[in-house]
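User: Hello! Could you walk me through the fold shown here, one topic at a time?

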Amino acid sequence: MAHHQENPPLIISKIAIIGAGVSGIAAAKQLSHHNPVVFEASDSIGGVWKSCAYNSTKLQSARKDYEFSDFPWPNRDDPSFPSHVEILDYLESYAKHFDVLKFVKFNSKVVELRFVGQQETVELEGNYGGEYGSPLSGRPAWEIAVQTSDSENLKWYAFEFVVVCIGKYGDIPKIPIFPHNKGPEMFQGKVLHSLDYCKLDKDAASQLLKGKKVVVVGYKKSAIDLAVECAEANQGPEGQPCTMVVRTPRWTVPHYWVWGLPFFLFYSTRSSQFLHERPNQTILRTLLWYLLSPMRRGVSKFIESYLLWKLPLQKYGLKPDHSFEEDYASCQMAIVPENFFTEADKGNIVFKRASKWWFWKEGIEFDDNTKMKADVVILATGYDGMKKLKTILPEPFRSLLEYPSGIIPLYRGTIHPLITNMAFVGYIESLANLHTSELRSIWLARLADEEFKLPSAENMIEQISRETDVMRRTTRFYKRNCISTFSINHGDEICEEMGWNSWRKKSWLSEAFSPYGSQDYGPEK
């Protein structure tokens, strides 16, 4: 980026945090004694809950499973899933309660980072150098260029440590690649990404969908919610059905009960996760894991049997070819809205299975030589979070982001062993991402305070490789850092590194059979 720097960078704090979403606010609170500076591109906190939420978007879990350890929801026992508006209110209340907003610079978009610290030359063939070093070295390591909404000129700042919290979702859409002359330019109707759709207000969204032949491409949470909004906008005799183009059906869940048993019993307790492989397990533990594999498969089959009974998956050709465990282990399980299949039964949502498709002038065409007319095509095809990171990071760090496994390698889900004086929060997933981000922010704050030291870069990479191998063996859909089947073990290792007791419950019984959540890592523990 060709911007000239006339004045030396401002030094206003030791620590910069990029992004004021859930992870950025969690990091700012934990690092508040360092008076960090939080750069937020928009005019408010909340991240994707503010910028990428549909009118009907709700959380996929109960309130008590999505709260900070020291700030419970006022109505935490309410069994309903909170709307995105309620979540934003909760985050705002949290930020005000802990006086975090004073650290945030709104309408301040980070457009470039420049490394000015000292780093040994990294040889990717295996020479990873020695100790990682202190996060706060006493001298600037990164310069940050910030574009504010009220000026065309860039402002440069210098920091000893940078925490990246811009997330994987929003900002940059992932668009499918089409054959020559078969892309959106051939289509006479309107094409938009779900990112564009979520910026519409309720009236504009309804106007876009009402009375139109709408095709929604995708079958993950955003696509499912979008199809429901489309069906609701097309009630009555003039309404048109919404067509979902489904490449790979996923296991969807109507609620967190399975044959009368709470869902947490199967994956969110220490005893249930004992059935699953974890990194750093002993030979005896590996043998037990192998011997218990029939029980693990039985749990998955038990849940599948309930979902096939409860939901009309076979009726609509939506029964996945893979196990439920594979979707859960890849963090791709979705809660289906209660009226989703009701609208399908009324004919307001229809499904088209297709592995390949492209545009023609009146709609889209499939690899089985069938065509479908459409007025509007909405691509619910995800986001390119890696491209978002690469946009601001300089070389050689940009090239290290996906080395060597294709996803960003992070020790404890936070530190890239080959990128010094930088942390990433919000890039590892589990069933409760807020809790995951908060625990790693707690860990990061203690690292910054030098309460413990990191292993060598080589040892960190070995640990990351062990976790990566477990994820790969657990699911064929390994495309992200998902620790859902060994999240408690991951938390144990973080606690032990901080000098905390890893077993957080008050009794052996609750330790074995109660779900783990943010409250187990509260300040009183």
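The turns below go through sheets, surface and backbone in that order.

Analyst: Happy to help. This is a predicted model, in which local features need pLDDT of at least 70 and side-chain atom pairs count only at pLDDT 80 or more, while totals for chains, interfaces and linings use all residues. Residues are numbered from 1 along each chain as its sequence is written, and side-chain values use heavy atoms, with hydrogens and water left out.

User: In what order do the strands of the 5-stranded open sheet run?

Analyst: Strands here are DSSP runs of E with at least two residues, helices are runs of H or I with at least four, and both are numbered from the N terminus. Two strands pair if DSSP finds at least two bridges between them. The pairing in this sheet is parallel, and the order is β8-β19-β9-β10-β15.

User: Which are its edge strands?

Analyst: An edge strand of this sheet pairs on one side only. That leaves β8 (190–193) and β15 (349–353).

User: Which residue of β19 stands opposite Val191?

Analyst: β8 and β19 (residues 376–379) run parallel and are joined by 4 bridges. Further along, His193 stands opposite Leu379, and Val217 also stands opposite Leu379. The partner of Val191 is Val377.

User: Are the residues on the two faces of β19 buried or exposed?

Analyst: In a regular strand the side chains alternate between the two faces of the sheet. In β19, Val376 and Ile378 lie on one side, with Val377 and Leu379 on the other. Buried means under 20% relative accessible area, exposed means over 50%, and partly exposed is in between (1.4 Å probe, protein chains only). Both faces are covered, and these four residues are all buried.

User: What angle does the direction of helix α6 make with that of β10?

Analyst: Helix α6 (residues 221–233) packs on the sheet, touching β9 (214–217), β10 (242–246), β15 and β19; contact means heavy atoms within 4.5 Å. Axes are lines fitted to C-alpha atoms, for helices over the stretch in contact, and angles run from 0 to 180 degrees between N-to-C directions. For α6 and β10 the angle is about 165°.

User: In the 3-stranded open sheet, what is the average twist from one strand to the next?

Analyst: This sheet has the order β16-β17-β18 with antiparallel pairing, and its edge strands are β16 (357–360) and β18 (371–373). The twist from one strand to the next averages 25°.

User: Which residue of β17 stands opposite Trp357?

Analyst: β16 and β17 (residues 363–366) pair in the antiparallel sense over 4 bridges. Opposite Trp357 is Phe366.

User: Moving to burial, what is the relative accessible area of Leu291?

Analyst: Leu291 lies in helix α9 (residues 283–291). Leu291 is exposed, with a relative accessible area of 54%.

User: And where is Pro396, at the cis peptide bond from Glu395?

Analyst: The bond from Glu395 to Pro396 is cis, with omega near 5°. Pro396 sits in the loop between α13 (385–392) and α14 (397–400).

User: What is the phi of Trp259, which is not a glycine?

Analyst: Trp259 lies in the loop between β12 (257–258) and β13 (261–262). Trp259 is partly exposed, with a relative accessible area of 37%. Its phi is positive, at about 50°.

User: How far apart in space are Asp520 and Phe115?

Analyst: Asp520 lies in the segment after α18 (508–513) and is buried, with a relative accessible area of 9%. Asp520 and Phe115 are 405 residues apart in sequence, and their C-alpha to C-alpha separation is 38 Å.
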